[in-house]
Amino acid sequence: VHFPDTERAEWLNKTVKQMWPFICQFIEKLFRETIEPAVRGANNHLSTFSFTKIDIGHQPLRINGVKVYTENVDKRQIILDLQISFVGNCEIDLEIKRYFCRAGVKSIQIHGTMRVILEPLIGDMPLIGALSLFFLRKPLLEINWTGLTNLLDVPGLNGLSDTIILDIISNYLVLPNRITVPLVSEVQIAQLRFPIPKGVLRIHFIEAQDLEGKDTYLKGIVKGKSDPYGIIRVGNQIFQSKVIKENLNPKWNEVYEALVYEHPGQELEIELFDEDPDKDDFLGSLMIDLIEVEKERLLDEWFTLDEVSKGKLHLKLEWLTLMPTAENLDKVLTSIRADKDQANDGLSSALLILYLDSARNLPSGKKLNSNPNPLVLLSVGHKAQESKIRYKTNEPVWEENFTFFVHNPKRQDLEVEVRDEQHQCSLGNFKLPLSQLLESEDLTMHQRFHLSNSGPNSTINMKIALRVLSLEKQARSPDHQHSAQVKRPSLSKDARKSSFKPQVPVSPPPDSNKPVPASPVTDSDKKTDTAEKSQPPNASPQWPTDLSRSSSSLHASNFSYSPSHLSVKEPTPSIASDISLPIATQELRQRLRQLENGTTLGQSPLGQIQLTIRHSSQRNKLIVVVHSCRNLIAFSEEGSDPYVRMYLLPDKRRSGRRKTHVSKKTLNPVFDQIFDFSVSLPEVQRRTLDVAVKNSGGFLSKDKGLLGKLLIPLASEELAKGWTQWYDLTEDGTRPHGAS
């Protein structure tokens, strides 16, 4: 396991400092020429909106680290991750004259990882064709307002709150929203503006077990149950499950489908909450690296929840590849049973990707000789999306991307309607059966489509591509365990306990409620409420009943759980504790004496362990990779069954324990497993990592015991950079010294 280094870049900070006044000029121009007209046009009440002062401040943006990806990237691109933080004392004043309203911003803070992609690289100056910028996940954003209450009293804004405004702004910064800056005019920017996702993640959100009971009765004397629900995030796509009332072992059996645009770096984040009338309690979280899901293709597993003392979650994850040919389509349709039913919703067999470029010669709408305010309404089945409005033009240019999940492309159509927002009338429409795309080369069409019920030469220019979603399972032996293979950077590794080995894949019986993917709550989908309300009420029992709830409950939780949410109990010594049992040390001493009598011992009589240790300031976690051990002592004639367990002392609670899988009958086991502990850098430098290599043996077996121990004080300056090292194992963990 190799961690690409995050390097310091002081030269870059000096450059940014020198450029800062010019960057501020650009930002001011952006506010006045782009944001101000957009706000004025958004709502009649805001037609007198203006910025009276824009001062971004003297404190430049800082780049705390740069990571350059060199593996798994296209030869014609460069991918950089910049860890940025901006703490600025700005002065941005705005007013809405019509309502005598004044407000402003005193300071802004942004912390996050910005991805910069330089592509395509070309053999001519300036060598880089274009630059794309976006945040992989929502940055931490804090805005200190003045006069916000006045602003929120204005008609048209009165439904907002500061958390909703922050949510809207941060979602604009996250994938799939990106800023593309062309550096060479000849570069086909359309190719950059037609991003095809790397894959689709199908998430079967099945069930949980042994969750914490958060609801109490009789003023807290009686511990009750919880009303659990889950929030699932991939980038800026957010799904929320239904609430299961009073159940610590809820069964949801829901399915969601999410687009994955960018990896390395994107993760599946899941949080469980207990629904309460006032504030929902936190029941645990989980983060899974999507690179590993892509490698495995299909995972059906129980995962232990992080940041809580108990609870596990059963997920089935499928990585679907986007295929540009239709040869697998029949197989895919059969696998999701779309060949049998006539419905237009259910699991998806294909993805429709659409780039809406422009329209020409649109009719003038209701009033003659007046230009319309055109927008485009696109729909596939029950799902509808709207473009932005272009004002006072009959030759609008949109340059927008849309994606639709398609249940059965052989039977479904794409319907396109151009509407005049001002007079609420149609300016033309057309229908494209998706079966036409199946016959096109690369399943792609890029052309001007003639509009019906429109002007004589009215056309709309679009690029449309269909991609078939294929699982492409890899053949593997029946006794294969994915637990040993999947490295997850932020999973509690209690999931590797032998009792939690992946169980028989669970899927609902064929005829029971067929799970239907729920729609993610993204910006584009907020507009689809009307389309979805028009569904027959019995369309499917699995649609989340109230999608709008997710945004409100999200900012209620907003990642800021106070420790009081977590049930912190007294540390309980773990049953399988090691050196705390004197008998384990005695056994080890006895074994050492036996070895000494028979052989001459080398420098490290108990063998060695190789670890990578580093602290990630970005995720606020200590990350430990257990690579392998060598020359361990044999517990029986067949060798040992070693595994590694760790604590971050002084915490020896069961929830603080991390364990690898057991490696059978070997003295040189390879684990290559990643573990993490949620702890800040100043705090971790006061802690000690307690590592023990143990022999598994059967339950109550006499062969259970300690193979060697290691105590590593973490008070090192190098912790942020990290290191990989072989360590000698000793009987009590003292005097560890690196072997290499």
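**Entry 1: the whole chain**

I began with burial: of the 740 residues of the protein, 50% count as buried. I am working from a predicted model, so I keep in mind that local features need pLDDT of at least 70. I then looked up the surface, and the protein exposes about 36,000 Å². Carbon and sulfur atoms supply 52% of that exposed area. For secondary structure, I found 13 helices and 35 strands. I also checked contacts between residues at least 6 apart in sequence, and 68% of them join residues at least 24 apart.

**Entry 2: a stop at Gln 18**

My next stop was Gln 18, which lies in helix H1, residues 10–42. Is Gln 18 buried or exposed? Its relative accessible area is 64%, and exposed means over 50%, so Gln 18 is exposed. I also looked at Pro 60, which is 42 residues from Gln 18 along the chain. The C-alpha atoms of Gln 18 and Pro 60 are separated by 9.1 Å.

**Entry 3: strand S5 and its partners**

I spent a while on strand S5, residues 101–118. The strand is mostly covered, with 14 of its 18 residues buried. Which strands pair with S5? I took the partners one by one.

- Strand S3 (residues 78–88) pairs with S5 in the antiparallel sense over 11 bridges. Here I found Phe 86 opposite Ile 110 in S5.
- Strand S4 (residues 91–96) is antiparallel to S5, with five bridges. Ile 96 has Cys 101 in S5 as its bridge partner. The hairpin of S4 and S5 has four residues between the strands, and Phe 100 takes a positive phi near 50° there.
- Strand S7 (residues 140–146) and S5 share seven bridges, again antiparallel. His 111 is matched with Leu 140 in S7 as its bridge partner.
- Strand S6 (residues 130–135) is joined to S5 by five bridges and runs antiparallel to it. Val 116 stands opposite Leu 133 in S6.

**Entry 4: an open sheet**

Further along the chain I looked up a sheet of four strands. The sheet is open, its order is S32-S29-S28-S35, and the pairing is antiparallel. The edge strands are S32 (670–678) and S35 (723–728), each of which pairs on one side only. From one strand to the next, the twist averages 25°. I then followed strand S28 (residues 608–616), which six bridges join to S35. One residue to find on screen is Leu 611, whose bridge partner in S35 is Gln 725.

**Entry 5: rings**

I finished with aromatic side chains, and the structure holds nine aromatic pairs. How are the rings of Phe 49 and Phe 51 arranged? Their centres are 5.2 Å apart and their planes stand at 85°, so the pair is edge-to-face. Both Phe 49 and Phe 51 are buried.

Phe 273 and Phe 282 have ring centres 6.0 Å apart and planes at 65°, so I noted this pair as edge-to-face too. Phe 273 has a relative accessible area of 1%, so it counts as buried, the cut-off being under 20%. Phe 282, at 0% relative accessibility, also counts as buried.

I found one aromatic cluster formed by Phe 205, Phe 239, Trp 252 and Tyr 256.

Two charged side chains also caught my eye. Lys 312 lies over the face of Trp 302, at 5.1 Å from the ring centre. Arg 658 lies over the face of Phe 677, at 4.7 Å from the ring centre.

Definitions and conventions:
Residues numbered from 1 in each chain as written. Predicted model: local features only at pLDDT ≥ 70, side-chain atom pairs only at ≥ 80, totals over all residues. Heavy atoms only, no water. Helix = DSSP H or I, 4+ residues; strand = E, 2+ residues; numbered from the N terminus. Buried < 20%, exposed > 50% of the residue type's maximum accessible area, 1.4 Å probe, protein only. Pairing = 2+ DSSP bridges. Axes fitted to C-alpha atoms, helices over the stretch in contact; angles between N-to-C directions. Contact = heavy atoms within 4.5 Å. Areas by Shrake-Rupley, 256 points an atom, 1.4 Å probe, with all protein chains shown as cover. Phe/Tyr/Trp six-rings, centres within 6.5 Å; stacked < 30°, edge-to-face > 60°. Lys NZ or Arg CZ within 6 Å of the ring centre and 35° of its normal.
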